[in-house]
Amino acid sequence: MKAIKYNKIPEKVYYEKLKSGLEVYMYPNKKVRNFYITYNIKAGSTILDYQIDKKKYKLKPGTMHFLEHKMFEEEKGTAFDYFAKLGSSVNAYTTSDNTTYEVISNNHFKENLEILYNFISNPVFKETSVNKEKDIIKEEIEMYENDIDSKIIFETEKMLNINDNHKHKVSGETEDIKKITKDDLYNAYDAFYNKENSFIVITGNFNYLEAIGILKELERDYKVKPYTKPITKKEKEPIKVKEERKVLTKNISTPKIMLTYKLDKNKFKADNNLNIYLDAILDINFSDTSDFLELITNENLIVGDLNYNTEIRDNYIYISFTFDTFYENEVIELIENKLNNIVIKKEDLNMIKRGYKADFIRSFDDIIAINENIANDIYASGEIKSNIYDIYDKLTINKINEITKKINTKVKTICVIN
Amino acid sequence: MKEQTFKNDTYNLYTIKTGKFKTGLLEVEFYIPYTEVRESYISLLINMLTSENKIYKTSKELNKKLKNLYNANIYGETNRVGETLITSIGIEFIDLKYTDIKIEDIIKFLMDSIFKPNIKNDEFNEESLLNNKNKLKQDINDLIESPKEESIYRALNILDKDKPFSKIASGNINILDSITPKKLYEFYNWFIQHSKKDIYIIGDFDMEKINTIISRQVKFNSISTTDYKFYLDYIPFKKVIKTHIPKENVETNLVLIYTFKFLSDYEEEYVFPLFNLIFGSGSLNSKLYNTLRTENNLCYNVSSIYQRYDRLLIVHTQIDKNSKDLTIKLCKKVLLEMQKISDKELEDAKKMIIMSLNLTLDNEERLIDNYCFKNMGLLDNLEKRIEIFKKVDTKDIVALAKKIKLISITSLGDK
């Protein structure tokens with residue numbers, strides 16, 4: 001077992017790779033009462049085409065999400081029944097890039113870990129229950145369709161992406177769901193739910209030696225089979241959009257806008273910390289400490305908050321802004337003017353660094369937050385960013401200036417719900 | 001974890017000393033009797049107090065100061081408990097050993113926000129007032145524009161439009177529009193003067209020293225003698241009110257409201273939370289979830305909310321318009337089934353509720369909330385609660401189930 005120590009903070013994560021290839025990351029904290037276990041699959045809804053040993057497979061949109069729903073099914077009843085007996089809370093969620101199963105409890109650590117491990121290792125998909133699930137997922141799709149904040153994101157993804165599979169909803173559409181079969185679920189499971197494509201993160205009050213002992217015992221009779229990780233087909237995404245502007249009518253009091261810029265990732269120098277720099281640029285220029293937000297608030301150009309986000313995807317980077325306004329053109333012009341003329345002061349960068357470091361320390365108090373931090377590191381780079389404190393400390397104005405020069409506002413989408 | 005009370009002339013300081021967390025929390029609680037007008041005023045006031053003050057005159061300046069206090073977080077919120085409005089204004093901050101700041105800086109920052117509002121000529125700043133009004137109005141509109149929230153709000157309004165539970169907590173748009181900078185300042189003075197005040201702090205501090213520092217900064221000069229009412233009156237049993245609110249392009253949101261006959265303190269604090277876990281609020285294994293979703297594929301989600309101090313139980317789900325009658329029928333069936341729950345179901349619910357209470361012990365904010373409710377006489381301490389929950393019997397649940405009656409069915413959608 002390896003102990004991964006964080007720089008500058010007296011905290012460490014224990015790591016072990018099991019014989020099945022399953023990796024385990026553990027952050028024990030005896031000061032809290034509860035533990036939180038996540039079983040993470042490095043596959044999400046954007047996987048629609050893949051290849052194993054020259055054989056090509058296709059998944060219908062929504063298959064990975066459907067699979068997550070049906071994983072809880074057992075020969076008799078559901079895994080929920082077992083967790084309920086332990087007084088534990090269990091859930092799961094699928095994103096565009098990964099799938100997570102989670103359990104939180106303060107008792108019966110061994111049983112919780114065993115049940116979680118076993119139900120994910122032994123899928124039971126039955127035709128009748130797969131068909132029943134379609135009505136439930138249809139209701140889930142309808143629920144998010146009725147939610148304005150979700151709807152504006154769905155529409156923006158459709159406008160922004162030409163080939164990239166983010167254009168599909170994580171859940172798929174009702175028509176996609178109707179066509180998903182039990183065999184589709186087994187195919188997806190076999191391809192992506194292999195232990196070598198998964199990892200467990202455990203945080204909170206537990207004994208890390210006991211945890212590894214339990215997992216090793218579960219794998220005692222495990223026959224190691226060679227695993228060929230599927231080659232997922234990702235079409236190149238052009239730096240243009242499918243539709244620049246769309247207006248939807250929902251009769252809401254203040255029009256809601258989602259403005260998104262699509263940037264060519266190749267223009268940015270490869271850097272593991274690019275996401276941190278992009279966040280810093282947006283925080284300094286658009287957060288509640290910025291001149292920009294003060295201006296648009298005092299001029300009553302927006303109602304409520306200005307939300308912003310950035311994400312680095314396979315072929316491109318996006319920067320998005322969501323706000324409620326009666327002055328769409330004016331706000332967009334101001335945002336573009338700001339993005340094209342970013343100036344960062346040293347004192348602002350230092351202020352942001354201080355905040356990032358403090359938030360990082362805070363996260364160790366929260367068994368869910370620290371679990372997510374660890375999982376996000378693994379998804380992003382396959383290893384824990386144990387030097388994150390130093391990375392924050394070493395953010396430089398020069399590097400920020402280099403990145404801001406690459407930001408432009410040429411390719412964009414504007415989605416309006418009014 | 002050590003709890004301690006420091007009695008001061010105009011307030012009590014309640015402390016929880018613990019080295020469990022890497023953060024600390026300091027919170028001032030204000031209690032005033034509920035009126036709809038006060039609820040709107042207080043919403044606006046706490047937004048003003050937490051966004052600027054006499055020292056940091058703009059929201060931007062104040063937020064920069066917070067960032068420099070290592071991303072400390074100032075917050076304000078008001079919760080209505082029956083006929084009492086409880087406003088908390090607090091600051092969350094990182095353990096000072098990781099910083100170059102002192103606890104005095106944190107305490108001063110919070111007290112300045114409360115005692116040094118940005119006032120000129122006995123008025124709040126007009127521009128900020130307008131901004132904060134707009135934000136609140138947007139919150140109100142967002143709530144009404146969410147089908148789930150709107151359906152619950154409309155259902156409560158139909159049940160009794162004059163009761164506090166039928167009002168939106170962020171305020172009433174007409175009342176907000178009528179608030180001027182001067183009127184808000186008058187309200188501020190009334191609020192500071194007439195409210196009951198308590199202060200809470202949690203963290204790894206020398207609490208004697210904290211008491212001394214706080215007592216130097218706090219400028220309250222009055223004690224409230226108000227008798228606070230924490231429960232609304234029971235709603236009498238009557239014929240079920242059935243309402244459909246047509247709305248375009250929206251799946252049917254169904255809201256069922258139940259009330260109950262006189263409950264003992266034991267039933268309110270212990271039996272009802274367990275009943276509700278089994279009935280509809282507990283994880284993905286409640287009776288409503290199993291019946292509506294797992295067995296009949298009617299919905300993605302269903303939840304029940306126990307509004308203890310309003311003496312209501314609310315069920316919400318979203319369904320296809322053609323499933324409404326079946327869903328109502330099944331909800332009624334599930335309530336009847338609550339009269340014959342098994343020991344196993346109850347034991348599972350007890351484990352779940354104990355897990356939830358243990359989560360409270362891992363969260364500073366919830367520890368303070370719990371301490372506050374204990375001081376109000378509404379909750380026992382956590383360890384005692386765990387012990388009493390363990391003793392609840394199936395007979396208690398059955399007796400409670402017999403006291404619950406459906407009084408309103410509201411659907412919104414399918415125009």
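User: Contact means heavy atoms within 4.5 Å, right? With that, which residues does Lys246(A) touch, not counting residues up to four places away in sequence?

Analyst: Going by that cut-off, Lys246(A) touches Glu155(A), Met159(A), Ile414(A), Cys415(A) and Val416(A). Some ground rules: this is a predicted model, where local features need pLDDT of at least 70, side-chain atom pairs count only at pLDDT 80 or more, and totals for chains, interfaces and linings use all residues. Residues are numbered from 1 along each chain as its sequence is written, chains are lettered from A and ligands numbered from 1 in the order in which they are written, and side-chain values use heavy atoms, with hydrogens and water left out.

User: OK. Is Lys246(A) buried or exposed?

Analyst: Lys246(A) is buried, at 17% relative accessibility. The cut-offs: buried is under 20% relative accessible area, exposed is over 50%, and partly exposed is in between, with a 1.4 Å probe and protein chains only. Lys246(A) sits in strand β11 of chain A. Helices (H or I, at least four residues) and strands (E, at least two) are DSSP runs, numbered from the N terminus.

User: And which salt-bridge network is Lys246(A) linked into?

Analyst: Lys246(A) is linked with Glu145(A), Lys151(A), Glu155(A), Lys158(A), Lys169(A), Glu173(A) and Glu243(A). A salt bridge here is a side-chain nitrogen of Lys or Arg within 4 Å of a carboxyl oxygen of Asp or Glu.

User: How far apart are the closest N and O atoms of Lys169(A) and Glu145(A)?

Analyst: They are 2.6 Å apart. Lys169(A) is in the loop between α5 and α6 (174-178) of chain A and Glu145(A) is in helix α4, so the pair ties together parts 24 residues apart in sequence. Lys169(A) is buried at 7% relative accessible area, and Glu145(A) is buried at 18%.

User: What about Glu133(A), which residue does its side chain meet in a salt bridge?

Analyst: Its partner is Lys70(A), at 3.2 Å, N to O. That one links distant parts of the chain, with Glu133(A) in helix α4 and Lys70(A) in helix α1 (residues 63-70) of chain A, 63 residues apart. Both Glu133(A) and Lys70(A) are buried.

User: How many salt bridges over all chains?

Analyst: 64 over all chains, and the count between chain B and chain A is 9.

User: Let's do that interface, then. How many residues are in contact?

Analyst: 56 residues of chain B are in contact with 58 of chain A. The area buried between the two chains is about 5,300 Å², with carbon and sulfur atoms giving 50%. (Buried area is the accessible area, 1.4 Å probe, that two parts lose on being put together, summed over both.) Among the salt bridges, Glu92(B) pairs with Arg362(A), closest N and O atoms 2.9 Å apart, and Asp100(B) pairs with Arg354(A) at 3.4 Å. Asp100(B) lies in the loop between β5 and α3 (103-115) of chain B, and Arg354(A) in helix α12 (residues 346-363) of chain A, so the pair joins two chains. Asp100(B) is exposed, at 54%.

User: Back to chain A: how many residues of α5(A) are buried?

Analyst: 10 of its 13 residues. Helix α5 (residues 148-160) of chain A reaches 18 Å from its first C-alpha to its last, close to the 18 Å expected at 1.5 Å a residue; the expected span is 1.5 Å times one less than the number of residues. Its buried residues pack against α4 (127-145), β11 (245-248), β12 (256-264), β14 (316-324) and β15 (412-417) of chain A, together with α4 (126-145) of chain B.

User: Switching to strands. Why is β3(B) called largely enclosed?

Analyst: 10 of the 11 residues of β3 (residues 23-33) of chain B are buried, so the strand is largely enclosed by the rest of the structure. It pairs antiparallel with β5 (residues 84-94) of chain B over 11 bridges. It also pairs antiparallel with β8 (residues 196-203) of chain B over 7 bridges. Pairing needs DSSP to find at least two bridges between two strands. Glu27(B) stands opposite Gly90(B) in β5(B), and Tyr31(B) has Lys196(B) as its bridge partner in β8(B).

User: Last one: which residues touch the most other members of the largest nonpolar core?

Analyst: Of its 131 residues, those are Tyr101(A), Phe119(A), Tyr193(A), Ile202(A), Tyr258(B), Phe275(B) and Phe279(B). Helix α9 (residues 265-281) of chain B gives the largest share of this core, 8 residues. A nonpolar core is a set of buried Ala, Val, Leu, Ile, Met, Phe, Trp, Tyr and Cys residues joined through side-chain atoms within 4.5 Å.

Methods
Contact means heavy atoms within 4.5 Å.
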